[in-house]
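I sat down with this model to look up its inner spaces and its charged pairs. Here are my notes, in the order I took them.

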Amino acid sequence: MVTVTPTKVEPQVGKRVRRQEDPRLITGTATYVEDIKKPGMLYAAIVRSPHAAARIKGLRTEAAAETPGVYAIFTGADVEGVGPVPCAAALPGLRVPKHTILATNRVYYVGHPVAVVVATDRYIARDAAEQIEVDYEGLPAVADPEKALAPGAPAVHPEWPDNIAFTQHTEGGDWKKAFEEANKGGVIVKERITSQRLIPMAMETRGVVAEWDAGGKELTIYSSTQIPHLMRTQVALMLGLPENRLRVITPEVGGGFGSKLNVYAEEALMGFVAMRVNKPIQWIESRRENFQVTIHGRGHVDYAELSAKKDGTITGMKIKIIQDLGAYHQLLGPLIPTLSVLMMPGLYNFKNIEADIVGVFTNAAPTDAYRGAGRPEATHVIERMVDILAAKLNMDPADIRLKNFPSKDAFPFATATGLAYDSGDYAAPLHRAMQILDYSGTREKQREARRQGRYLGIGISTYGEICAFGPSPATPAGGWESATVKIEPTAKVTVMTGSSPHGQGQETSFSQLAADALGVSMDDIVVLHGDTSVVQYGIGTFGSRATAVGGTAVYLALQDLRDKCTRYAAHLLGVKPEEVNFEGGVFSSGRITKTVTIGDVALEAHVCRNLPPGMEPGLVATRFFEPSNFAFPFGAHIAVVEVDKETGKVQVLRYIAVDDCGNAINPLLVDGQVHGGVAQGLGQALFEEAVYDEYGQLVTGELMSYAIPKAHHVPDLECDRTVTPSPVNPLGVKGVGEAGTIGCSPALVNAVVDALSPLGVTHIDMPMTAAPLHARLPGRPAARRRAALHRQDRRDCPHRRHEHAPPGGDIRNPAAALPAAGRSGGPDRRHASAQPGNDWRQPGPRRPGCGLSGRAASPGSAGAAGEPARRAHADLSGFPDRCLHHGSRAGGDSLRSDRSGGCGRAWFCLREDGAAGFRLCRGRRGRASGDQGRKDLCGEGGDHGHGVEILSGRRRRGGAGGPAGIGRHTGRSRAESG
């Protein structure tokens, strides 16, 4: 017998082990889809619609086809045999429009794919795409879900008379009685609460490489997906290809957050193209495409009512959810608001609820799962409503929550919406968070701050989450998960998981499970995932299920494998299996002194010179785990903020997060997930919003206009945990991947409302940028307000961190957008170079009252209607016209001086109605100098906000998909900007 000397192995589960994935990620040696190169590879570029709604009257590809290097061009007519993009939702009465991978005779949102160009170089492909001419007939569009429900609204899909995709009604308990009693002797609070559209903004955009093996008739697709096996099934069906002839490989994903929990048109399109041209194809989504066509998240408008007794006991709730679904359904879109309804009671012990969902089509990108997927929306509503109720009753927000939690002995706890919460002690994390904060002491500091005229606020959010998705009857595509574990002859261990992690750290946590179960070093363990030809079928990673469901499958496979090893060891030791002890990789028995190691067993199981009777060779185990219920983690987050009384800017002073995700296999991974989740929740609360104008144009179409939180925006997070194991799985884990996002936004909004409550503020919608908050602050002399905004501008721009908004208000105001092509409803025939994703030109009529021509306004050019071009300007009527720094070199950002007497500086100014403006000092003669007389407008909106230029010479390029006249912030220093 060959003996392997055992190495003492310390227990790993529960330790803060650094991620094994990180070295390749932080050294740049990881492989993403864009890194994959194949011999003879061609590159694809997609022509996309610049219109939110239009008929395709014609399409000409001749000029593009003649471009040197172009290999092939495909249009909607070529892909008619490919099946539609799938939607897994199966709701009663759901209207499902046919979603083809390329548009045929009509487009439904900006970015809708119309054609694909294949070339020998990606730049050639993009240049050729700009040569494709598409004749569009512009149609009326609607991008606001409430306007889409109005009588006479343009029909997004003309085959139906209205824009309602589905409705759903849910009742629990006797909600009518609860509200009747509240009307008589209790209290009812009402509020309209929104969860705005968000753009997931993964570090790596989507990408696909497709390779067709004509000899073997096999297609291989590399895709940055969260669900490789489900994607394989669906794409095989779309292409009419046997599923076992399609292999899907997922390399590094580079961030998913739910946006890659989908089957997209581009995955099937690249497979189709590869099969047609018989060469490998690569398509990498540009960041502008990512803004336009990768799913958006949230998009809720909620009308909520809460009934209660006068002592603060909550008795019932009514909620109407208007869900913006966009133009099409993606894989799970219609199901997301149903999760909101399920979790709308939150952690509270009331049994009466009425909930209605109206799913609405709009001429916008589809919405689908984004980190939390329905649960952040629900938590935001119930936590805001509880705070509003507390204010109405003059109760402390902590006290009213503690009063309405079910007791820890009430579990499993049945909710008003039909769920059974598995386990919980909801008061524990709130008490712990209050202790960390010194809640009573901080309240006293708040009172002192108010005496000083400062706006300090404390916000509480207690959240619950439905996650660890199964069981299967409650999911659209199976709720189980799979795992295979094998031990090699040299005692090395390979774990294969169907859950396909993409940043959650399961390569580390699953290695910890295996190390403890088999007594081997973590360095001897490899975790494989994301390859459908290597890993057994699995469901994927989403809904905080990778460890709770996928990890449990790994755990069960490890137990089976250890049992088999024990039987082998008993045979080698000459004792009964029940007499064998196993610890630290060594098998022993109390009856004898002889021992064998896991290495001894592994070798014997493969050479089989002494095979136990009735046992098979090898050491492999596969298990599938089907949970009996969801898991329900919970927690309490508290934020302390201060609102700057001069500018309205929110500063987060402290953030405490106490979460209960059951047992923690690796507390370091738990902290990391909470940190990332809080950062995304903070982004929604303070910065982020995907905005469409009234014509369906995406105003926030690039990082210049869509603000995301940066490192300096995220405060030091004070994290702690309570532990309430789940009875649903043997690991006792619940999931934590979305916890931070769910708990964060209501904590911050509650804190800001609390800060401004002395001013009579009762509710603020997200994002809470400085402009709307500033408008709520007490009035001050106009000069002081202008100076305050200017000082803020000086601190943040241009070479410092900066935040932007256009003249007259926030960039999120649709009225601030300019007219785009074809908005008059007439035909628009132009080269693709005029499309938003490729160039800045936006021909089209001027909006009444706006002096901006839709076409580039360089000298000598003409507008789309043949009118003389006008220089871009903003309507600054009513704004103060005197430069605060005129005649002085101090302060302000100096522009090139003019000989007419003006200093050429730019400054902010405010009308009396609070609208923000921007001026150049032109002196008495009012003339600034040439091309240098320009500056981006700086105000609230985020560190890469979208500024509107004031020009006195030429016009610079506009933003992605944005109309002319909306300029880019160049990021140059003061000296460089003239």
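I began with a lining: the residues around the second largest cavity divide into seven nonpolar, four polar and two charged. For the classes, I counted Ala, Val, Leu, Ile, Met, Phe, Trp, Tyr, Cys and Pro as nonpolar, Asp, Glu, Lys and Arg as charged, and the others, Gly among them, as polar.

A word on what I was reading: this is a predicted model, where local features need pLDDT of at least 70, side-chain atom pairs count only at pLDDT 80 or more, and totals for chains, interfaces and linings use all residues. Residues are numbered from 1 along each chain as its sequence is written, and side-chain values use heavy atoms, with hydrogens and water left out.

**Cavities.** I searched the whole structure and found five cavities of 30 Å³ or more. A cavity here is a set of points, on a 1 Å grid over the protein atoms alone, where a 1.4 Å probe fits but cannot get out; lining residues have an atom within 4 Å of a point. The second largest has a volume of about 90 Å³, volume being the space filled by probe spheres set on the points, which are joined across faces, edges and corners. Of its 13 lining residues, His99, Tyr109, Ala265, Glu266 and Gln330 lie nearest the centre.

**Salt bridges.** I counted 45 of them in the structure, each a side-chain nitrogen of Lys or Arg within 4 Å of a carboxyl oxygen of Asp or Glu. I looked up Arg122 with Glu34, which meet at 2.9 Å, N to O. Arg122 lies in helix 3 (residues 122-129) and Glu34 in the loop between helix 1 (22-26) and strand 1 (42-48), so the pair ties together parts that are 88 residues apart in sequence. (Helices, H or I of at least four residues, and strands, E of at least two, are DSSP runs numbered from the N terminus.)

Next I followed Arg60, which forms a salt bridge with Glu133 at 3.3 Å between the closest N and O atoms. This pair links strand 6 (residues 133-138), home of Glu133, to strand 2 (residues 54-60), home of Arg60, across 73 residues. Arg60 also meets Asp135 in a salt bridge, at 3.0 Å, N to O.

Which of these residues is buried, and which partly exposed? Asp135 is buried at 8% relative accessible area, whereas Glu133 is partly exposed at 22% and Arg60 is partly exposed at 33%. (Buried means under 20%, exposed over 50%, partly exposed in between, with a 1.4 Å probe and protein chains only.)

Conventions:
On a 1 Å grid over the protein atoms alone, a cavity is a set of points where a 1.4 Å probe fits but cannot get out, and a pocket is an open set with protein on both sides within 12 Å along at least five of seven lines; lining residues have an atom within 4 Å of a point.
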